[in-house]
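This report covers surface and charge features of one protein chain. Please look over the sequence and the structure before reading on.

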Amino acid sequence: MALSPVSAPPGEKPTRARYWVIVFAVTLAILAYIDRVCISQAAPLISHDLGLTKTQMGSIFSAFALAYALFEIPGGWLGDWMGPRRVLLRIVAWWSVFTALTGYMWNFASLWVTRFLFGAGEAGCFPNLTKAFTTWLPQHERVRAQGIMWMFARWGGAFTPPLVVLTMQHMSWRWAFVLYGAIGFVWAAFFYSWFRDNPRHHKSVNAAELALLEGADEMASGHGDVPWGKLIRSRSVWLLWAQYFLISYPWYFYITWLPTYLQEYRGLSASVAAKYAIMPLFFGGFGNLLAGLTAPAVARWAGSVRNGRRISSSAGFLGASVCLLISIHLGDPFWGMVAMGMASFCNDLVMPSAWGACMDVGGKYAGTLAGSMNMMGNMAGFVAPWLGGYILQSTGGDWNLFLYTMAGAYFLGTICWPFLDPVTPLEKSK
């Protein structure tokens, strides 16, 4: 049932409570990426202590992505139905428990199961944050918020390698996972006490701010009746899925195999490799920020939001493919990583448009659509680490072959966006 419009007293200035939603999203994005990336830096030590092969370690990397993919749609749908407040509390508590339990594992099977359950717990995180943005932010602020959130998510992952190295100077890799897991409970307590699914129910939001959000609060909880037929039949939805698979396949290299690549193929020490491993996610953060901040200007230049998103995203995919090919052929490790960082920068020019499309196309079902898109991305995250481990073990360590498959995925992504409508909603508002 539609809610009555809010009339603000004349001259009343809007409060800014909605920006706290961005703060919670940013801090959770950082925490999510620390908890998922820390295992890549600890992988050589874990492999040594548990006697794991390359294929086994790749399978452990993939276990997270497989579970994350399988539980993304249920996690996003729950946000549409119940609201993100309760769902995010469950998500963060669950994944924090299994992050901590990672430090207690003793063999391949136990570690695989724990990382699978960790992925199941973290699934739905970003779809529910997207749902919160849809409800708490006016439309013109949503893509910018996505750009800011993903920038900090990337930077959280970027600085995880040196953070893990620093942490493990004072404790074992086992206790490091326990420490990272404990931080999640602190976030959950603050978030649950402050956040409300509907901004109308928050004491810090005045009438003027509610007027800015007119119609958005109708997209809060209670939308479990997802139009699955329209979603499945939509060409734009299928193209959103395809482009996110293709962007995630190479990106997962940056948070799984990259430290091992730098140490084994580039011949760097663990400490130097940790510093170089910052580049892809650090550069990617700037790509998100640039895309989010310039989206309105690009839309004006292109004549519409639709064309602006198509042009910037196609350019991002093409630039990522070219930069990754350059990285492969640069012998100097530093410049090779700069080129790979630029590939990640171009990669992340696509992110705000993709997640913005989930909000605009999904509308009150934004959580479900975002979950389905992220599911496809994490299916790529399941394939990429396992395939990389298989390629490395079967070819005696041919890293370049693995990287060529990544550049190819970027190139295929270039042709998705010209045919994708990233703004027309699945269901028109009544």
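Leu 412 is found in helix α20. The model is a predicted one. With a relative accessible area of 45%, Leu 412 is partly exposed, because that class lies between the limits of 20% for buried and 50% for exposed. Leu 412 belongs to a nonpolar surface patch of about 540 Å², together with Leu 318, Val 322, Ile 326, Phe 411 and Ile 415. Two helices, α16 (305-328) and α20 (399-414), each supply at least two residues of this patch. The largest share comes from α16, with 3 residues.

**Salt bridges**

Side chains of opposite charge can pair when their charged atoms come close. How many salt bridges does a search of the whole structure find? The search gives 7. Three of the pairs are listed here.

| Pair | N to O distance | Citation |
|---|---|---|
| Lys 54 and Glu 264 | 2.8 Å | salt bridge |
| Asp 348 and Arg 154 | 2.5 Å | salt bridge |
| Asp 421 and Arg 306 | 3.1 Å | salt bridge |

The side chains of Lys 54 and Glu 264 form a salt bridge at 2.8 Å. Lys 54 sits in helix α2 (residues 54-70) and Glu 264 in helix α13 (residues 258-264), so this pair ties together parts that are 210 residues apart in sequence. Both ends are partly exposed: Lys 54 has a relative accessible area of 26%, and Glu 264 has one of 48%.

In the pair of Asp 348 and Arg 154, the closest N and O atoms are 2.5 Å apart. This salt bridge links distant parts of the chain, with Asp 348 in helix α17 (residues 333-348) and Arg 154 in helix α7 (residues 139-158), 194 residues apart. Are these two residues buried or exposed? Asp 348 is buried, at 0% relative accessibility, and Arg 154 is buried too, with a relative accessible area of 2%.

Asp 421 and Arg 306 meet through their side chains at 3.1 Å, N to O. Here Asp 421 lies in the segment after α20 and Arg 306 in helix α16, and the pair links parts of the chain 115 residues apart. Asp 421 is buried, with a relative accessible area of 18%, because the class of buried residues covers values under 20%. Arg 306, at 27% relative accessibility, counts as partly exposed.

Shared partners also occur: salt bridges join Arg 18, Glu 141 and Glu 209 into one network.

Key
Residues numbered from 1 in each chain as written. Predicted model: local features only at pLDDT ≥ 70, side-chain atom pairs only at ≥ 80, totals over all residues. Heavy atoms only, no water. Patch = residues over 30% accessible without salt bridge, like charges linked within 9 Å, V, L, I, M, F, W, Y side chains within 5 Å. Areas by Shrake-Rupley, 256 points an atom, 1.4 Å probe, with all protein chains shown as cover. Salt bridge = Lys/Arg side-chain N within 4 Å of Asp/Glu carboxyl O. Helix = DSSP H or I, 4+ residues; strand = E, 2+ residues; numbered from the N terminus. Buried < 20%, exposed > 50% of the residue type's maximum accessible area, 1.4 Å probe, protein only.
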